[in-house]
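The exercises below ask for a careful look at one protein chain, each with a worked solution that goes step by step. Please keep the sequence and the structure at hand while reading.

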Amino acid sequence: MKSSNPVAMKWAMITALITMISWFILYLTNLYMNQAVSWLLYVVYIIGMVMAMKEFRDKVNGGFMKYGTAFMIGFKVAAITGLASSILGYIMSKWVDPSMMDAIKQKATQDMIAKGLSDAQIDQAMNMTSFFFKPEFILIGGLIGALIFGAILSLIVAAFMKRDDPNAEPTAV
């Protein structure tokens, strides 16, 4: 079987670039805190995975691809895209716009007020979660989250994209 690394790297870079451009657009339009809009970035992840798996299966590997290979391609796309996105988030929150973290804290406080939490509960929640509002957590937490979510997405997408070769010898279990 041929190596999937060049295809995975190509689509990981394309997906990372599109994700970063999309994030900049969300930032410039002040929609980066809108959770519903932010979820659209995961569509970019899925499309990147599908395109990488499809290219490898159809153009590199003769129309066939095992589930494990499909998973690894998707995971590589997610990992590299997640790394790029985490680095971007760190740079944005540390140097480009440090006030971004204050805006996120303010939105979290407003959301808790809307849910009817008391001032004491809000203060307690903000004190407990203050660690999460630091650029370093954006970098590390974002990467860990991208790896976990990327693995889950890759497992699902790989199930649809795999295509077993009917002429291949069965592997012993």
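## Exercise 1: a residue and its salt bridges

Asp58 is partly exposed, with a relative accessible area of 29%, where buried means under 20% relative accessible area, exposed over 50%, and partly exposed in between (1.4 Å probe, protein chains only). The model is predicted, so that local features need pLDDT of at least 70 and side-chain atom pairs count only at pLDDT 80 or more, while totals for chains, interfaces and linings use all residues. Residues are numbered from 1 along each chain as its sequence is written, and side-chain values use heavy atoms, with hydrogens and water left out.

Task: find which residues form salt bridges with Asp58, and state where each partner lies.

Solution. Begin with the term itself: a salt bridge is a side-chain nitrogen of Lys or Arg within 4 Å of a carboxyl oxygen of Asp or Glu.

Step 1. The side chain of Asp58 meets that of Lys54 in a salt bridge, with 2.9 Å from N to O. Both residues lie in helix H3 (residues 40–60), four residues apart, which is about one turn of the helix; helices (H or I, at least four residues) and strands (E, at least two) are DSSP runs, numbered from the N terminus. Lys54 is partly exposed, at a relative accessible area of 39%.

Step 2. Asp58 also forms a salt bridge with Arg163, where the closest N and O atoms are 3.7 Å apart. This pair links distant parts of the chain, with Asp58 in helix H3 and Arg163 in the segment after helix H7 (135–161), 105 residues apart. Arg163 is partly exposed too, with a relative accessible area of 37%.

Step 3. Taking the wider view, Lys54, Arg57, Asp58 and Arg163 are linked in a network of salt bridges, and a search of the whole structure finds seven salt bridges. One of the others joins the side chains of Lys162 and Asp164, at 3.7 Å from N to O.

## Exercise 2: a charged residue in the network

Task: decide whether Arg57 is buried or exposed, and list what Arg57 touches beyond its neighbours in sequence.

Solution. Step 1. Arg57 has its place in helix H3, and at 7% relative accessibility Arg57 counts as buried.

Step 2. Contact means heavy atoms within 4.5 Å. Leaving aside neighbours within four places in sequence, Arg57 is in contact with Gly62, Gly63, Phe64, Met65, Met161 and Arg163.

## Exercise 3: two helices packed together

Task: describe how helix H1 and helix H4 pack, and which classes of residue make up their contact.

Solution. Step 1. Two packed helices are described by the angle between their axes and the distance between the axes. Helix H1 (residues 5–28) and helix H4 (residues 67–96) pack at an angle of about 35°, with their axes 8 Å apart. Here the axes are lines fitted to C-alpha atoms, for helices over the stretch in contact, and angles run from 0 to 180 degrees between N-to-C directions.

Step 2. The contact of H1 with H4 has 16 nonpolar, five polar and one charged residues, where Ala, Val, Leu, Ile, Met, Phe, Trp, Tyr, Cys and Pro count as nonpolar, Asp, Glu, Lys and Arg as charged, and the others, Gly among them, as polar.

## Exercise 4: the largest nonpolar core

Task: name the residues of the largest nonpolar core that touch the most other members, and say which element gives the most to this core.

Solution. Step 1. A nonpolar core is a set of buried Ala, Val, Leu, Ile, Met, Phe, Trp, Tyr and Cys residues joined through side-chain atoms within 4.5 Å. The largest one holds 21 residues, of which Met49, Ala52, Met53, Met65, Ile73 and Val77 touch the most other members.

Step 2. H1, H3, H4 and H7 are the elements that give two or more residues to this core, and H7 gives the most, with six residues.

Step 3. For a closer view, leave aside neighbours within four places in sequence: Ile73 is then in contact with Ser4, Ala8, Ala52, Met53, Phe56 and Met65. Ser4, placed in the segment before H1, counts as buried at 11% relative accessibility.
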